[in-house]
Amino acid sequence: MSKTKLHVGHKSKSLTQKQRTQSRFSTLLLEYGEKSLFDWAVVLSGTAMEGRLRLCSSSVVFEPVDINRGIMRCPFDRMKRCPSRCRIDEKSVEWTQTRHFVMKAMNIIGPFETVTEQTKFQFSFLHSSPQKFIETVEVCC
């Protein structure tokens, strides 16, 4: 079994309502020519960290609600295989990433942090089924 580690920034203080609704995501965080396609409300399993999972044309991006946590970008070309439904929970998807990027931790604009450790991601969808995510990612991946 591989060792997994998750880098997403520091634990936060309480957030104001404005901080919870303001998105930090921008297409400037994507590769040149990459497009944002869809997004869903999710929880990062194992951390109970809520946020938006954005499916883009070349990657999957997780933007936590907590602005002190970093935005994670997972390129398709660094995935061991395309994201798939979790065997344990039908409302979850999972995949293993060999490299991902963390950006805007503590809501500070700066160089991306590259995480080169193998990491397993599992997200539970809050208000919808992951079916559309799975169907669209199979075309993109």
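A salt bridge here is a side-chain nitrogen of Lys or Arg within 4 Å of a carboxyl oxygen of Asp or Glu. Keep that cut-off handy for the exercises below, and remember that the model is predicted.

**Exercise 1. Get the overall layout: how many helices and strands does the protein have, and in what order do they run?**

Solution. Start with the count: the secondary structure comes to two helices and nine strands. Now walk along the chain from the N terminus, and the elements read α-β-β-β-β-β-β-β-β-β-α. Next, look at burial over the whole protein: of its 141 residues, 43% are buried. For contacts with a separation of 6 or more, 60% come from residues 24 or more positions apart. Finally, the accessible surface is about 8200 Å², and carbon and sulfur atoms hold 51% of that.

**Exercise 2. Find the partner of Glu34 in a salt bridge, and work out which parts of the chain the pair ties together.**

Solution. Step one is the distance check: Glu34 pairs with Arg73, and their closest N and O atoms are 3.0 Å apart. With the 4 Å cut-off, that qualifies as a salt bridge. Step two is to place both ends. Glu34 sits in the loop between α1 (17–21) and β1 (36–44), while Arg73 belongs to strand β4 (residues 71–75), so the salt bridge links parts that are 39 residues apart in sequence. Step three is burial: Glu34 and Arg73 are both buried. A search of the whole structure gives six salt bridges, and the next exercise takes up two others.

**Exercise 3. Are the residues of the Arg54–Glu63 and Asp66–Arg69 salt bridges buried or exposed?**

Solution. Take Arg54 and Glu63 to begin with: their closest N and O atoms are 3.0 Å apart. The burial cut-off is under 20% relative accessible area. Arg54 comes in at 12%, so this residue is buried. Glu63 has 4%, so the verdict is buried again.

Now for Asp66 and Arg69, whose side chains meet in a salt bridge at 4.0 Å, N to O. Asp66 has a relative accessibility of 12% and counts as buried. Arg69 is at 17%, which also makes this residue buried.

**Exercise 4. Trace the pairing of β1, β2 and β3, and say what surrounds β2.**

Solution. Begin with β1 and β2, which pair antiparallel over eight bridges. Four residues separate the two strands in a hairpin, and Gly46 in the turn has a positive phi of about 90°. Across this pairing, Asp39 stands opposite Arg54 in β2.

Move on to the other neighbour. β2 and β3 are antiparallel too, with five bridges, and a hairpin of two residues joins them. Here Arg52 has Glu63 in β3 as its bridge partner. Note that Glu63 also turned up in Exercise 3, in the salt bridge with Arg54.

Last step: strand β2 (residues 49–56) has six of its eight residues buried, so the rest of the structure largely encloses this strand.

**Exercise 5. Which strands pair with β7, and which way do its side chains point?**

Solution. On the β4 side, β7 pairs in the antiparallel sense over three bridges. One contact point is already familiar: Arg73 has Phe101 in β7 as its bridge partner. With strand β8 (residues 113–115), β7 is antiparallel as well, again with three bridges, and His100 is matched with Val115 in β8.

For the side chains, go along strand β7 (residues 100–103): His100 and Val102 point one way, Phe101 and Met103 point the other way, and all are buried.

**Exercise 6. How many disulfides does a search of the whole structure find?**

Solution. The search returns zero disulfides. You can still check two of the cysteines for burial. Cys74 has a relative accessible area of 3%, so Cys74 is buried. Cys86, at 4%, is buried too.

**Exercise 7. Where does Asn68 lie, and how far is its C-alpha from that of Asn107?**

Solution. Place Asn68 in the loop between β3 (59–64) and β4. Then check its cover: the relative accessible area is 16%, so Asn68 is buried. Now compare sequence with space: Asn68 and Asn107 are 39 residues apart along the chain, yet their C-alpha atoms are 5.7 Å apart.

Methods
Residues numbered from 1 in each chain as written. Predicted model: local features only at pLDDT ≥ 70, side-chain atom pairs only at ≥ 80, totals over all residues. Heavy atoms only, no water. Buried < 20%, exposed > 50% of the residue type's maximum accessible area, 1.4 Å probe, protein only. Disulfide = S-S within 2.5 Å. Pairing = 2+ DSSP bridges. Contact = heavy atoms within 4.5 Å. Areas by Shrake-Rupley, 256 points an atom, 1.4 Å probe, with all protein chains shown as cover.
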